[in-house]
Amino acid sequence: MPKNILKSGLIVSCQPVPGGAMDDSSYVVGFALAALSAGAVGLRVESVRYVSAVRAATDAPVIGLIKRDLDDSPVRITPFLDDVRDLARAGADIVAFDATDRVRPATVEALAQAVRDAGRLSMADCSCIEDARRALAAGVDFVGSTMSGYTGGPEPVDPDIDLVAALRELTRNVIAEGRIRTPEQAQAAARAGAACVVVGSAITRTEHVTAWFRDALTEVYAPAPAPVVMSVDLGGTKTMAALVQAGEVLDTVTFATDRTGSPERWLQQIAEATAAWKGRYQSAGLAVTGAVRNGAWRAMNKATLGIEGEFPLDSRAAELFETPVIAANDAQAAAWGEYKATPDRRDLVFITVSTGLGGGIVSEGRLLRGIAGHFGQMHDPEAGPLESRVCGPWIASEAKRLGRDCEPKDVFLAANGGEEWAIGIIGGVVRRFARLCCDIQLAIDPARIVIGGGVGLATGFIDRVRAEIEANGPSAMPELRAATLGTKAGIVGIADLALTHNKNLMSH
């Protein structure tokens with residue numbers, strides 16, 4: 001029988017769902033004739049009964065196969081030599097069989113020989129290029145990508161176009177098959193070198209196609225609950241942990257950060273404080289003071305949190321919480337939270353003024369990671385790192401130097417009340433911060449600068465900064481905005497980053 005019995009084109013697999021409403025000869029023949037009338041060049045049909053019925057209705061090329069569920073072998077497609085002979089007698093022009101390297105009743109070589117003895121052509125259903133090499137060495141006529149993704153592990157969603165292309169390097173007689181559900185996927189298989197393309201469920205299994213559309217609409221009409229993330233904001237003064245779902249904070253716990261501790265101790269404190277949440281979240285995100293690069297955490301200012309060297313934060317937290325974890329700088333996480341909290345998708349810079357001075361940059365819809373946004377480490381010609389004189393501790397220390405033993409919030413209250421000693425302290429912070437905002441505008445030109453943190457959101461602070469900037473009349477006037485998420489910006493931002501990270505892990 002000549003191999004050119006199949007012309008380049010579409011082969012329709014007419015295999016009803018076993019036990020389904022269309023599992024009957026009349027439906028299979030109807031599918032076959034309808035497919036041929038629309039331009040299919042061949043048919044793939046399962047079982048002796050259906051091959052015989054289709055052969056009686058048409059002389060079009062038929063690929064025949066038999067599926068069996070065996071107790072002692074995972075091979076299902078035409079496992080026995082008698083199956084080959086029965087299909088040939090039923091009228092199959094081509095006999096397809098499983099050619100994978102697994103425990104099997106009959107070898108690939110024996111099946112290929114049985115097909116030749118029956119005067120028919122053979123199709124080897126392969127899972128990989130090695131299967132195809134063995135099958136071609138055994139003398140098969142066609143190789144197919146049928147078994148790719150079906151020999152272990154989770155079943156893929158898309159067809160294996162790469163395997164089709166690899167098979168074409170071995171032979172021109174390639175039949176693409178497996179999860180080809182759209183015309184575009186069929187075209188991709190043909191462009192990869194397939195001589196013919198098999199489409200089955202998308203054409204002849206009404207149950208499957210209906211389920212695809214049902215599931216797609218369910219996502220709109222009755223979407224599954226959004227995943228829950230455990231988010232942690234580990235700062236130099238306090239640590240907040242929260243359960244976050246779809247940007248909403250479901251539950252929180254806050255406790256003082258043990259500044260004398262270590263990364264291991266801080267993680268252990270978080271684990272102890274959130275033990276009751278175990279099983280309620282699917283991933284975790286850690287927003288931390290300092291720099292995080294490739295999952296490794298190090299201090300940028302040891303006065304905030306003393307971290308010696310680099311600590312493998314991502315991996316260690318994943319072990320402890322037994323879930324995928326992503327870590328990022330707390331201000332960067334807050335920048336992302338503020339970016340996602342509004343529909344405005346223009347670039348932004350986020351600056352937090354609290355125990356320290358940090359920031360984050362979102363440019364063209366992407367959060368810049370690493371040390372980007374660590375504005376507190378920029379040099380102040382007056383006193384070294386800018387963070388040392390634009391932060392809550394500096395405000396408190398200045399007040400103490402003037403004989404006022406109080407917290408930064410008390411200094412703001414006094415300044416807003418007109419007390420000169422407090423106005424002087426806050427004024428110094430405002431002048432340095434206003435200069436920073438103008439420098440950022442000149443360097444990056446963001447659409448807005450969002451300000452957060454305990455000092456940044458203190459009553460009157462942003463108004464004082466705006467007034468200072470206007471008084472100086474810079475060439476580029478920054479647009480200042482208060483953070484909309486308040487103290488929860490980092491929690492919400494790291495939750496969204498964790499979701500994206502988890503999706504990427506699952507896609508690989």
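Two strands are said to pair if DSSP finds at least two bridges between them. This tour applies that idea to a predicted model.

**First stop: a sheet of three strands**

Select strand S13 (291-293), and then strand S14 (residues 296-298). These two strands pair in the antiparallel sense, and three bridges connect them. To view one position of this pairing, display Val292, which stands opposite Trp297 in S14.

Next, add strand S15 (311-312) to the selection. The three strands make up an open sheet in the order S13-S14-S15, with antiparallel pairing. S13 and S15 stand at the edges and have a single partner strand each, so one side of each is left without a neighbour in the sheet. In general, the strands of a sheet pair through backbone hydrogen bonds, either parallel or antiparallel.

**Second stop: strands S17 and S18**

Move to strand S17 (residues 348-353), which is joined to S18 by six bridges in the antiparallel sense. The two strands form a hairpin, with three residues between them. Display Leu348 and its bridge partner in S18, Val362.

Now select the whole of S18 (residues 357-363). How many of its seven residues are buried? Six are, and S18 is thus described as mostly covered.

**Third stop: from S18 to S19**

Finally, select strand S19 (residues 366-367), which runs antiparallel to S18 and is joined to S18 by two bridges. At one position of this pairing, Ser363 stands opposite Arg366 in S19. The hairpin of S18 and S19 has two residues between the strands, and here Glu364 takes a positive phi near 55 degrees.

Notes:
Residues are numbered from 1 along each chain as its sequence is written. This is a predicted model: local features need pLDDT of at least 70, side-chain atom pairs count only at pLDDT 80 or more; totals for chains, interfaces and linings use all residues. Side-chain values use heavy atoms; hydrogens and water are left out. Helices (H or I, at least four residues) and strands (E, at least two) are DSSP runs, numbered from the N terminus. Buried means under 20% relative accessible area, exposed over 50%, partly exposed in between (1.4 Å probe, protein chains only).
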